[in-house]
Amino acid sequence: KEQDQKSRVKGIDALKVNILAARAISDTLRSSFGPKGMDKMLVSPDGEVLVTNDGATIVEKMEIEHPTAKLLVELSQSQDNEIGDGTTGVVILAGALLEQAQKLINIGLHPLKIADGYEKACEISINRLEEIAEEIDINENNHEWLIEAAMTSLGSKVVSKNKRKLAEIAVEAVLSVADLARKDLNFDLIKVNTKTGGSLEDTHLIHGILIDKDMSHPQMPKEVKDAKICILTCPFEPPKPKSKHNLHVNSAEDIKKLQAAEQKYFVDMVKMVKDSGATLALCQWGFDDE
């Protein structure tokens, strides 16, 4: 029965249907473009609400089924992966190009001719951009050019009121790990850690490693300067037999002996850490509550 309801579209009609699907995505994003762009509120099937004006996030959460529209989703995501900005712009530009292509198809031009024309236009555009491009020194004036570029990206985001501070943090973080000689950057070396309860003004950059752990005891000092860190890859607790076992304790003396053996194990471990000169111990596994 479902098969009877389906119809096959061919030729020019198929092209128009595909263009219409892609333009629908483009028109949806158009209102969230630029500094005056509006945010979109997306509600997922399980009721989760997301407010954003980031093009890649919007199209990713829209759960699009149409194959041509999905291409625009991939276009936005590849822009996000390669550049990190302009995710809305590329979808709107693609939609505008398809809109013009539809007019040319209506005139009677063959789709391959239109595609060739767009490729030639792309070459001309790139050549023109290379002609008018100016090379700037990014180190000039304390990296002001880079900060301004970052502020442009942040201008349309929710954090726009703190864009100067966040742009400076972003530039400093990138320059700390960038390989300027090879013009290469590994983003895995930069981590963003969020904390509930603070404000945007509390954001700051840490040159080093942040290990988000509490001290295991409230009486331990909250701040240790010039710490010598001992990193333990073994559990800081008495060894436990790996196989199933039964332990028969016949008297109170035996319990005391067991307790003393366990205490000695702890004392030895603490002594070894202290003898190494460490002032802070980090443990990969568990710290025993003792």
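A residue counts as buried when its relative accessible area is under 20%. Keep that in mind as you look around this predicted model: of the protein's 290 residues, 20% are buried by that rule.

**Stop 1: the whole chain.** Show everything as a cartoon and turn it around. The C-alpha atoms fill a box of roughly 100 × 70 × 35 Å along the principal axes. The radius of gyration is 30 Å, while a compact globule of 290 residues would come in near 19 Å. Now color by secondary structure: you'll be looking at nine helices and four strands. Walking from the N terminus, the order goes α-α-β-β-α-α-α-α-α-α-β-α-β.

**Stop 2: the surface.** Switch on the surface view. About 22,800 Å² is accessible, and carbon and sulfur atoms own 55% of that. Try coloring the charges, too: there are 36 positive and 47 negative ones, and their mean positions sit 4 Å apart.

**Stop 3: Cys122.** Select helix α6, residues 111–132, and you'll find Cys122 in it. Cys122 is partly exposed, at 41% relative accessible area. Next, add Lys257 and draw a distance between the two C-alpha atoms: Cys122 and Lys257 are 135 residues apart along the chain and 83 Å apart in space.

**Stop 4: Cys234 and Cys283.** Jump to Cys234, which is partly exposed with a value of 35%. Which cysteine has the closest sulfur to that of Cys234? Select Cys283: its sulfur is 6.2 Å away, so the two are too far apart for a bond. A disulfide needs the sulfurs within 2.5 Å, and a search of the whole structure turns up zero disulfides.

Notes: Residues numbered from 1 in each chain as written. Predicted model: local features only at pLDDT ≥ 70, side-chain atom pairs only at ≥ 80, totals over all residues. Heavy atoms only, no water. Buried < 20%, exposed > 50% of the residue type's maximum accessible area, 1.4 Å probe, protein only. Helix = DSSP H or I, 4+ residues; strand = E, 2+ residues; numbered from the N terminus. Rg over C-alpha atoms; globule rule 2.2 N^0.38 Å. Areas by Shrake-Rupley, 256 points an atom, 1.4 Å probe, with all protein chains shown as cover. Lys, Arg positive; Asp, Glu negative; His and termini not counted. Charge placed at Lys NZ, Arg CZ, Asp CG, Glu CD.
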